[in-house]
Structure formats: structure tokens, C-alpha cells
Amino acid sequence: MLNVVVMVSGGGTNLQAIIDAVEAGTITNTRLAGVISNNKNAYALERAAKHGIPAACVSPKDFEDRGQFNQKLLETVDGFEPDLVVLAGFLVVIPPEMTAKYRNRMINIHPSLIPSFCGTGYYGLRVHEAALARGVKVAGATVHFVDEGTDTGPIILQKAVEARQGDTPKELQRRVMEQAEWKILPRAIDLIANGKVKVENGKTIIEEPTRSGQEASL
Ligand code: GRF
């Protein structure tokens with residue numbers, strides 16, 4: 001059983017996709033051990049409660065400095081004894097000690113096809129605003145392992161989504177979530193839970209004969 005902790009900051013639709021997939025059996029060998037939010041008002045916390053998943057809130061506002069917050073955050077994560085940490089819309093910078101401790105055991109969902117529209121400053125709607133400003137025809141999402149950089153870790157899965165003429169950032173964001181994020185994040189967890197993902201020389205190897213890292217074409 002893969003013990004999974006999901007870290008969230010907001011609405012938690014990706015968390016919901018993971019919960020649904022575990023309950024439906026499309027993610028196997030996985031137990032949702034806990035949900036951690038940095039924001040006590042995150043709707044994601046209610047989603048966790050509705051499904052009986054233990055949840056904790058660790059907010060930077062409750063600490064005098066970043067060091068104390070980071071320590072408490074790491075303690076809280078460790079307390080759930082996770083095999084895998086999933087960042088599902090977690091908007092806080094991960095402490096370096098945590099990145100080191102959970103190397104190749106912590107994944108993130110990013111709402112673009114990395115290496116486009118990623119790195120510092122590219123989060124939430126900003127990603128989609130930038131993609132539309134550039135006039136892209138194809139958008140998408142990426143699940144990757146977390147390393148010291150911002151969105152630089154080994155890529156696990158990517159899925160392309162059509163960017164349509166006249167899209168608003170919100171419309172594109174919604175399509176990327178529905179068609180890519182909510183599919184590839186649960187899929188990546190299932191692959192990891194079943195021992196199908198290896199990291200070699202900074203790249204992943206997905207051990208599944210019929211599938212590749214690109215989940216589907218347009
Ligand atoms: C998603 O777009 C995710 O890619 C990004 O933050 C958003 C989180 O949405 N990192 P939700 O909280 O899962 O609804």
C-alpha cells in the first residue's frame with residue numbers, strides 16, 4: 001500500500017479527482033493517509049473531511065518566521081509517514097530539507113506542458129494568461145517529481161489540450177483541468193503505487209508496455 005499525503009491550498013479539485021479514483025479503484029494499492037493545507041479556508045479541507053481523510057492545516061501566518069513554519073510543515077508531513085507526497089495546487093515554497101528528504105517521492109501537477117510556461121511566477125491563472133498571450137494552439141498539464149528548482153524535476157506524465165481561439169484564461173484553465181490534470185495526476189499516482197515509475201539520469205522511465213509518458217494526443 002502506498003501511503004499518500006496530498007498538499008493543497010485551495011479548491012482541491014485535483015484532490016477530489018484523486019479521492020474519486022481511489023474510491024473507484026482506478027488508483028490501486030493506495031491509501032490516502034492525510035491532507036495538509038496552508039490555508040484554513042481551503043475547500044479542499046472539507047473534501048477531505050467528507051471522505052474521512054485526516055487533515056491538518058499549517059499556515060505560515062501562525063509562525064514568527066519561515067524557519068519555524070518549515071519545521072512544522074515537515075513534521076506534519078512526516079507524521080503521516082507518507083511513501084508519496086502529492087502537491088495538488090500547493091502554493092507554498094517547499095522547504096529544501098523536505099525536497100531532499102522526499103526526493104523521487106514527491107510529485108507536483110503543473111498546468112502547462114513543461115518546459116513552457118513554468119518556473120517562478122507561473123502558477124494558477126497566470127499560466128493560462130501567458131499561454132493565451134503567446135497565442136498557443138496546444139496547452140496541457142504535466143506531473144513531475146519535485147526537485148530543488150521550480151517545475152524542473154523529472155517529468156512523469158504530460159497531456160496536451162486544445163487551446164481555442166477566443167478562450168479566456170478561465171476557460172482554458174477549466175479545460176486543462178478537466179481534460180488533463182484530473183486524469184494524469186491520479187494516473188501518475190497509480191503508476192507509482194504499482195512500481196511502474198523509475199528515475200534514471202534525471203528522467204523517468206515508465207514501465208508499462210502499452211503506454212508512454214504522453215497520455216493521449218489531441
Ligand atoms: C491546478 O490548476 C494545479 O495545476 C495548480 O493549482 C491548481 C489547483 O486547483 N498547481 P485545485 O485546488 O486542485 O482545484
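Domain bounds here come from an automatic or database domain assignment. With that in mind, the shell around the ligand in this predicted model takes at least three residues from each of domain 1 (1-102) and domain 2 (108-117 + 125-143 + 157-218).

**The ligand site**

Which residues surround the ligand? They are Gly11, Gly12, Thr13, Asn14, Gly89, Ile109, Pro111, Met177 and Glu181. Sorted by class, that makes 3 nonpolar, 5 polar and 1 charged residues. Two helices, α1 (13-24) and α6 (169-193), each put at least two residues into this shell. As for the space the ligand takes, that is the largest pocket.

Oxygen atoms of the ligand come up in these polar contacts:

| Residue | Protein partner | Distance from a ligand oxygen |
|---|---|---|
| Gly12 | polar backbone atom | 2.8 Å |
| Thr13 | N or O atom in the side chain | 2.6 Å |
| Asn14 | polar backbone atom | 2.8 Å |

Taken alone, the ligand would expose 370 Å², and the protein buries 87% of that.

**Backbone oddities**

Now for the loops. The one between β5 (106-110) and α5 (125-134) holds Pro115, and a cis peptide bond links Ile114 to Pro115, with omega about 15°. Phe117 is also in the loop between β5 and α5; its phi is near 50°, a positive value in a residue other than glycine.

Where does Asn201 sit? Look in the loop between β8 (197-200) and β9 (203-206). Asn201 is not a glycine either, yet its phi is positive, at about 50°.

Technical notes: Residues are numbered from 1 along each chain as its sequence is written. This is a predicted model: local features need pLDDT of at least 70, side-chain atom pairs count only at pLDDT 80 or more; totals for chains, interfaces and linings use all residues. Side-chain values use heavy atoms; hydrogens and water are left out. A residue is near a molecule or strand if one of its heavy atoms lies within 4 Å of it. A polar contact is a pair of N or O atoms within 3.5 Å; within protein, one must be able to donate a hydrogen and the other to accept it, and residues adjacent in sequence count only if both atoms are side-chain atoms. Accessible areas come from the Shrake-Rupley method with a 1.4 Å probe; for residues, only the protein chains shown count as cover. On a 1 Å grid over the protein atoms alone, a cavity is a set of points where a 1.4 Å probe fits but cannot get out, and a pocket is an open set with protein on both sides within 12 Å along at least five of seven lines; lining residues have an atom within 4 Å of a point. A molecule sits in a cavity or pocket if more than half of its atoms lie within 2 Å of its grid points. Helices (H or I, at least four residues) and strands (E, at least two) are DSSP runs, numbered from the N terminus. Ala, Val, Leu, Ile, Met, Phe, Trp, Tyr, Cys and Pro count as nonpolar, Asp, Glu, Lys and Arg as charged, and the others, Gly among them, as polar.
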